[in-house]
Amino acid sequence: MAAVAETLRSGWLTTGPRSAQLERRSAEYLEADHVIAVASGTAAMHLALLALGVGPGDEVVTTPVTWPATANVIVHAGATPVFADVRDGDLNIDPQRVQELVGERTKAILPVHLAGQPCDLDPLWELGIPVVEDAAHAFESRYRGRKLGGLSDATCFSLYATKNVAAGEGGLISTNRADVAEAVRDLRLMRRGDGSLYDIAVPGYKANLSDVLAAIALVQLDKLERHAEIRARQFALYDAAVAGLAGIAPLPRDPRDTHALHLYIVRVDAERAGATRDEYQRALAEEGIATSIHFLPVHTLSWYRGRFAADCPVAERAGSEVLSLPLSPAHSDDDIADACDALAGVHARFIR
Ligand SMILES: Cc1ncc(COP(=O)(O)O)c(C=O)c1O
């Protein structure tokens, strides 16, 4: 609150010194050469695709297990989303399926690091096609020891209210490619050049980040370590609680990577857990425990269904089984213990 008040008093409300500071500090944290602050994670992915020249006639291979924004930006760029099924474990894009789907028209691959677990990037890079990472869940993630941020052609983060660095709204694009950074800067906001006699070299968008939001993000950066400790504690509490519940299993986490601990997702196997995911969600709601679903497969949602062929049985099954339990640095350990107790109680009722 103090940082916001200070920004308002400074008189600089739009993109200015605080956005620039956020870009510098994020670049350092993400170990990337360039970071550009934008209005949302959606804008970050949209501009990254445009910067790579994605347009009409092109295809972009992506995962159906994501927030629809990941596919929407492909459509916004005028290109066609091609959905590759996910792996049955971490529900990240299956590189084998990607390899089968890439062709002459494939202009980019847009994988997601679901819940904060990095996807398998090496086999994607080996295909020699530009990779734009949707790292909305993965600000703190490391892939095989290397910080996500400067590894692919572009990496896109979200500063949305629920994310690990929460400014309310906002996004970041990080890259080691100077040409991509320059193209994104041109597209982010119409640059007037100097003086009052302006010229427009590129018809840019209005996707810049306000300094008021940048000020919030900067304070959140200071809290990253403390929040990570809280998230780790909440993960451990859930791990212990679900270990004894037949048919309820968390998504696996790869010990070779650093997980951002953004979401705690379990899968509910209706046969063994005695009820479906939807029944569990309703029963938990009755106990006062709010849960959410990450994610319903994008290709099954109204606008996408029927427009794009997709052979994604793993994603479809997962879509009916995944359930995200409450997780946030704003929750106390007691809150998480309550959620664990409610889940155990509901489970005991269902398997009786
Ligand atoms: C996986 C994923 N990608 C992209 C986004 C879009 O980010 P934003 O809401 O900042 O546009 C979100 C969440 O909002 C997300 O969860």
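Colleague: How do you know how the lining of the second largest cavity divides into nonpolar, polar and charged residues?

Modeller: By residue class: 6 are nonpolar, 3 polar and 1 charged. Ala, Val, Leu, Ile, Met, Phe, Trp, Tyr, Cys and Pro count as nonpolar, Asp, Glu, Lys and Arg as charged, and the others, Gly among them, as polar. Lys163 is in this lining, and Lys counts as charged. The model is predicted: local features need pLDDT of at least 70, side-chain atom pairs 80 or more, while totals for chains, interfaces and linings use all residues. Residues are numbered from 1 along each chain, and side-chain values use heavy atoms, without hydrogens or water.

Colleague: Why is this space called a cavity?

Modeller: Because on a 1 Å grid over the protein atoms alone, a 1.4 Å probe fits there but cannot get out; lining residues have an atom within 4 Å of a point. The second largest cavity holds about 40 Å³, and the largest about 90 Å³. Of the 13 residues lining the largest, those closest to its centre include Ala115, Leu251 and Arg253.

Colleague: What makes the Thr42 side chain a polar contact of the ligand?

Modeller: The cut-off is a pair of N or O atoms within 3.5 Å. An N or O atom of the Thr42 side chain is 2.5 Å from a ligand oxygen, so the pair qualifies. Asp134 places a polar side-chain atom 2.6 Å from a ligand nitrogen. For Lys163 and a ligand oxygen, the distance is 3.1 Å. The protein covers 93% of the ligand's own 380 Å² of accessible area (Shrake-Rupley, 1.4 Å probe).

Methods
A polar contact is a pair of N or O atoms within 3.5 Å; within protein, one must be able to donate a hydrogen and the other to accept it, and residues adjacent in sequence count only if both atoms are side-chain atoms. On a 1 Å grid over the protein atoms alone, a cavity is a set of points where a 1.4 Å probe fits but cannot get out, and a pocket is an open set with protein on both sides within 12 Å along at least five of seven lines; lining residues have an atom within 4 Å of a point. Grid points are joined across faces, edges and corners, and a volume is the space filled by probe spheres set on the points.
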